[in-house]
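User: I am new to this structure and would like a close look at one strand and its surroundings. Please take me through it slowly.

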2 protein chains.
Amino acid sequence: MTKTMKAVLFEDELRFVRDRPMPRPAAGEALVRVIVAGICNTDIEILKGYMGFRGIIGHEFVGLVEECAEERLLGRRVVGEINAGCGRCDYCLKGLERHCPARSALGILGRDGAMAEYLTLPLRNLHVVPDGVADEEAVFAEPLAAAFEISEQVHVVPSSRVLVMGDGKLGLLAAMALGLACADVTVLGKHGDKLEIAARRNLKTAMPGALAMERAYDVVVEATGTAGGLQTALGLVRPRGTVVLKSTVAGATEMNLSPIVIDEITVVGSRCGPFAPALRALAGRLVDVRPLVTGTFPFERAREAFERARRKGSLKVLLDFR
Amino acid sequence: MTKTMKAVLFEDELRFVRDRPMPRPAAGEALVRVIVAGICNTDIEILKGYMGFRGIIGHEFVGLVEECAEERLLGRRVVGEINAGCGRCDYCLKGLERHCPARSALGILGRDGAMAEYLTLPLRNLHVVPDGVADEEAVFAEPLAAAFEISEQVHVVPSSRVLVMGDGKLGLLAAMALGLACADVTVLGKHGDKLEIAARRNLKTAMPGALAMERAYDVVVEATGTAGGLQTALGLVRPRGTVVLKSTVAGATEMNLSPIVIDEITVVGSRCGPFAPALRALAGRLVDVRPLVTGTFPFERAREAFERARRKGSLKVLLDFR
């Protein structure tokens with residue numbers, strides 16, 4: 001008899017089941033027992049139809065390796081990069097599995113995700129979590145890696161003047177990560193309590209009305225999650241500056257593109273990033289993600305967890321599979 | 001009595017006058033007698049209201065220096081960079097007058113332009129034209145500089161695979177300039193005769209139906225002059241590749257931005273460029289701009305010249321002020 005497990009599914013609607021067959025790792029994959037999984041805005045977008053995904057959702061997790069061919073990983077606590085590439089194309093050979101045209105992505109594209117008691121991932125996707133990092137911190141490795149991706153793509157220098165638009169999870173993580181690379185980072189947001197998290201990390205904060213709409217920033221990170229964010233960013237970045245586009249918004253947006261040409265602005269789309277710098281920052285307490293946890297819910301209260309994650313003012317909501 | 005001159009004006013409508021007062025050079029400026037001026041698509045956009053400019057239009061020219069404080073320039077044949085900066089701000093001090101917030105721009109912004117018998121420009125904007133370069137070639141220095149701006153901003157390497165969208169003047173100049181930096185340049189266009197100009201320079205050419213819509217190009221230059229070009233470019237550039245946006249289109253455009261984020265594409269706006277590489281390429285016959293001249297018209301037939309410039313299939317139309 002096939003063993004079954006608890007899982008959060010999206011199949012036309014959000015479902016919480018207990019009879020999902022346990023996954024079996026393919027060659028080169030590990031079976032991971034999930035400890036904690038995080039709810040990301042991308043999961044909420046998937047529930048609206050983003051990526052057309054059907055299956056177990058979730059891509060942020062920390063877990064224990066139960067089965068795999070590499071003894072050194074057995075029983076270890078791990079996090080995992082979410083994109084599984086073909087291993088043979090130009091992108092994979094350059095270490096850019098996350099752009100492999102044939103990739104699957106945990107809980108997003110062609111691969112069951114992390115909101116379940118078990119998941120499988122290729123061994124090369126796994127990173128052992130340093131001992132000093134709590135489960136509730138380790139689960140931030142994936143979104144924090146996405147924040148470090150900005151510095152992978154854009155040369156942020158110590159004297160760069162940076163504006164992060166948006167005080168949600170990704171905005172705050174991006175600001176914390178960029179605060180390691182340069183001295184002048186401002187978070188632009190609408191929520192006093194969220195901006196307070198940034199302020200406690202010695203980042204500058206501003207609410208929209210209080211920010212001079214001058215084209216003064218070398219780098220503007222658009223992490224508002226809204227369609228109109230890019231146009232606003234083009235009015236805040238300096239000529240020849242860079243806008244980093246983090247928000248994925250489904251559907252079409254009305255835009256005036258001429259400022260990009262006239263001011264020779266660079267717009268860089270930015271998605272998943274490298275895990276090693278994220279784990280190192282967590283282990284060294286270079287960033288503090290703990291204030292970003294809004295609540296942790298057991299699987300039995302998963303529906304409540306999703307309601308909480310969707311609620312205005314919420315940051316990271318975690319599902320506990322222990 | 002103030003001397004007057006012939007000039008092409010835009011003041012609510014296009015006007016051809018003979019009684020425009022001659023300009024007087026300010027301190028640090030030269031008085032230049034125009035030999036030939038070119039009609040650019042930007043001029044056509046200005047006639048539709050772009051930049052809200054009123055005055056003498058035109059920013060592409062070659063002329064003779066008649067008055068200036070530097071003896072070495074008197075009587076010399078020159079072309080001129082079109083942006084005049086304040087000379088004191090950060091951009092000007094970095095040699096980026098073309099991004100000075102207080103700049104004027106010849107025939108575009110706060111400064112009378114080149115379609116007249118005389119113009120004035122700061123001495124530092126002028127470049128002496130090498131003897132072997134004909135007037136009808138030298139007048140391409142400005143748009144060819146805009147083509148070289150692409151390599152100023154984006155690291156095009158010898159093995160880069162480049163697609164230039166658009167077989168108009170700027171598309172063809174961009175393709176010729178990029179053909180010096182890398183071996184694999186394709187011009188995508190709809191006009192057999194224009195593509196033939198590219199083919200004669202050993203550039204690849206393709207018509208829309210014949211091009212595989214694969215995401216295969218490292219760099220895609222959007223020079224179609226249309227609002228929808230960027231969206232098409234996003235479907236042709238490879239993941240992590242670069243789209244260079246050259247088209248300035250007035251007004252808003254409907255766009256789906258998510259490919260930028262998912263494929264981590266860099267979109268770089270590109271405007272005016274450096275004159276020295278353009279003049280060097282003309283002098284060394286590294287590019288051949290002569291096939292791009294559709295016709296040369298005296299001032300007396302300037303209205304006809306504009307009609308010709310607007311006509312489908314036209315490339316560069318020149319106004320002769322000799």
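Analyst: Two strands are said to pair if DSSP finds at least two bridges between them. With that in mind, and remembering that this is a predicted model, we can turn to strand 19 of chain B, which spans residues 316-320. Strand 18 (residues 293-298) of chain B pairs with strand 19 of chain B in the parallel sense, over five bridges, and within this pairing B:Gly295 stands opposite B:Val317. Strand 19 of chain B also pairs with strand 3 (residues 29-39) of chain B, in this case in the antiparallel sense and over four bridges, with B:Gly38 having B:Leu318 as its bridge partner.

As for covering, strand 19 of chain B is mostly covered, with five of its five residues buried. This holds for both faces of the strand, since B:Lys316, B:Leu318 and B:Asp320 are buried on one side, while B:Val317 and B:Leu319 are buried on the other.

Pairing is also found between the chains, where strand 16 of chain A and strand 16 (residues 253-255) of chain B run antiparallel and are joined by three bridges; here the bridge partner of A:Glu254 is B:Glu254. For the wider setting, 40 residues of chain A are in contact with 40 residues of chain B, and the area buried between the two chains is about 3,200 Å², of which carbon and sulfur atoms give 57%. Two salt bridges are counted between chain A and chain B, and in a salt bridge the side chains of A:Glu149 and B:Arg240 meet at 2.5 Å, N to O.

Methods: Residues numbered from 1 in each chain as written. Chains lettered and ligands numbered in written order. Predicted model: local features only at pLDDT ≥ 70, side-chain atom pairs only at ≥ 80, totals over all residues. Heavy atoms only, no water. Contact = heavy atoms within 4.5 Å. Buried area = accessible area lost by both parts, 1.4 Å probe. Salt bridge = Lys/Arg side-chain N within 4 Å of Asp/Glu carboxyl O. Helix = DSSP H or I, 4+ residues; strand = E, 2+ residues; numbered from the N terminus. Buried < 20%, exposed > 50% of the residue type's maximum accessible area, 1.4 Å probe, protein only.
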